[in-house]
Protein chains: 2
Amino acid sequence: MTEDMKIDHFTDDMRLMAGEAAALMKSLSNQARLMILCQLVGGEHSVAALEKNLNTKQPNVSQQLARLRMEGYVQARRDGRTIYYSLADDRVISVIKNLHATFCPT
Amino acid sequence: MTEDMKIDHFTDDMRLMAGEAAALMKSLSNQARLMILCQLVGGEHSVAALEKNLNTKQPNVSQQLARLRMEGYVQARRDGRTIYYSLADDRVISVIKNLHATFCPT
DNA sequence: GGGTAAATATATCAATATTGATATGTGTAA
DNA sequence: TTACACATATCAATATTGATATATTTACCC
């Protein structure tokens with residue numbers, strides 16, 4: 001592999017991927033959303049359970065969840081009046097785990 | 001490790017880390033910035049070289065670079081009239097490489 | 001069934017931030 | 001002193017944010 005084989009030209013495909021990746025980054029760029037997703041790595045949680053850990057109000061949690069749901073990063077399941085959220089995208093799991101490894105000390 | 005040892009409570013320290021991670025995510029949430037950083041994984045590049053691959057104008061590239069520089073994610077080196085940029089934060093490298101692995105097919 | 005409370009969702013909105021474009025400034029080489 | 005490589009200033013358009021208010025869905029009790 002020669003030196004000039006390094007990435008110094010982006011194909012349309014690569015631009016597309018960069019766009020998708022940037023979109024995911026945008027979803028993770030909010031502390032509340034990031035913490036929500038971080039919790040969901042440990043399994044599904046109800047809205048109330050998620051709310052307890054963020055110091056924000058319920059409507060805000062629901063708003064962030066609605067956004068993550070629209071983007072396909074989480075999914076919802078209803079049981080009675082409780083709604084449980086869980087991760088729905090492997091790429092999200094991958095990125096969150098990597099963030100945890102790089103930002104959280106042992 | 002018992003089931004209830006999973007993350008269902010955030011310490012102040014964890015909130016801090018989440019904030020920092022979210023800040024990095026915000027920097028990566030722009031396609032141009034993401035592509036710039038992606039190129040820089042392969043080593044330092046001049047502004048003109050970076051510009052060639054993004055379809056945006058020079059001032060925009062410089063603006064994004066200025067932001068990344070202020071945040072400490074990249075560093076600049078002058079040689080004559082050319083300025084070479086390179087990555088300055090290991091966490092950025094880690095995240096970018098992970099993104100490449102998850103988003104870019106072999 | 002009617003009424004009420006719990007759990008969550010949606011609507012709206014003002015404040016603030018981000019975006020990329022245009023114009024102009026700065027430093028260096030020839 | 002002209003051109004090249006890059007930086008900065010400014011600005012209008014657009015997007016994001018979290019807050020408040022209200023609606024929806026389900027459970028429960030009478």
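## Around DNA strand D

The residues of the surface near DNA strand D split into 11 polar, seven charged and six nonpolar. Keep in mind as you look around that this is a predicted model. In total, 24 residues surround DNA strand D, and the closest are Gln63(A), Gln58(B), Ser62(B), Gln63(B) and Tyr85(B). Of the strand D atoms that come within 4 Å of the protein, 61% belong to sugar and phosphate.

Both chains have a hand in this surface: α4 of chain A, plus α3 (47–53), α4 and β3 (82–87) of chain B, each supply at least two residues. Zoom in on the bases and you'll find a polar side-chain atom of Gln63(A) 2.5 Å from a base nitrogen of DNA strand D. Gln58(B) has a side-chain N or O atom 2.8 Å from a base nitrogen of that strand. Over at the phosphates, Ile83(B) uses its backbone instead, with an N or O atom 3.4 Å from a phosphate oxygen of DNA strand D.

## Around DNA strand C

Now for strand C. Its surroundings hold 24 residues, with Gln58(A), Ser62(A), Gln63(A), Tyr85(A) and Gln63(B) coming nearest. Sugar and phosphate make up 57% of the strand C atoms that come within 4 Å of the protein. Sorted by class, the surface near DNA strand C has seven charged, 11 polar and six nonpolar residues.

Gln63(A) turns up here too, with a polar side-chain atom 2.7 Å from a base nitrogen of DNA strand C. Chain B reaches phosphate oxygens of this strand through side-chain N or O atoms: Arg67(B) at 3.2 Å and Asn30(B) at 3.4 Å. The elements giving two or more residues to this surface are α3 (47–53), α4 (58–70) and β3 (82–87) of chain A, along with α4 (58–70) of chain B.

## Where the two chains meet

How many residues does each chain bring to the contact? Chain A brings 37 residues and chain B brings 37 residues. Together they bury about 3400 Å², with 68% of that on carbon and sulfur atoms. On the chain B side, Phe10(B), Met25(B) and Phe103(B) supply 20% of the area buried against chain A, more than any other three residues.

## A cavity inside

There's one cavity of 30 Å³ or more, and its volume is about 150 Å³. Of the 14 residues lining the cavity, Leu34(A), Cys38(A), His100(A), Cys104(A) and Ala18(B) are the closest to its centre. Two or more lining residues come from each of α2 (31–40) and α5 (90–103) of chain A and α1 (12–28) of chain B.

What classes of residue make up the lining? There are 13 nonpolar residues, one polar and no charged ones.

Key. Residues are numbered from 1 along each chain as its sequence is written. Chains are lettered from A and ligands numbered from 1 in the order in which they are written. This is a predicted model: local features need pLDDT of at least 70, side-chain atom pairs count only at pLDDT 80 or more; totals for chains, interfaces and linings use all residues. Side-chain values use heavy atoms; hydrogens and water are left out. On a 1 Å grid over the protein atoms alone, a cavity is a set of points where a 1.4 Å probe fits but cannot get out, and a pocket is an open set with protein on both sides within 12 Å along at least five of seven lines; lining residues have an atom within 4 Å of a point. Grid points are joined across faces, edges and corners, and a volume is the space filled by probe spheres set on the points. Helices (H or I, at least four residues) and strands (E, at least two) are DSSP runs, numbered from the N terminus. Ala, Val, Leu, Ile, Met, Phe, Trp, Tyr, Cys and Pro count as nonpolar, Asp, Glu, Lys and Arg as charged, and the others, Gly among them, as polar. A residue is near a molecule or strand if one of its heavy atoms lies within 4 Å of it. A polar contact is a pair of N or O atoms within 3.5 Å; within protein, one must be able to donate a hydrogen and the other to accept it, and residues adjacent in sequence count only if both atoms are side-chain atoms. Contact means heavy atoms within 4.5 Å. Buried area is the accessible area (1.4 Å probe) that two parts lose on being put together, summed over both.
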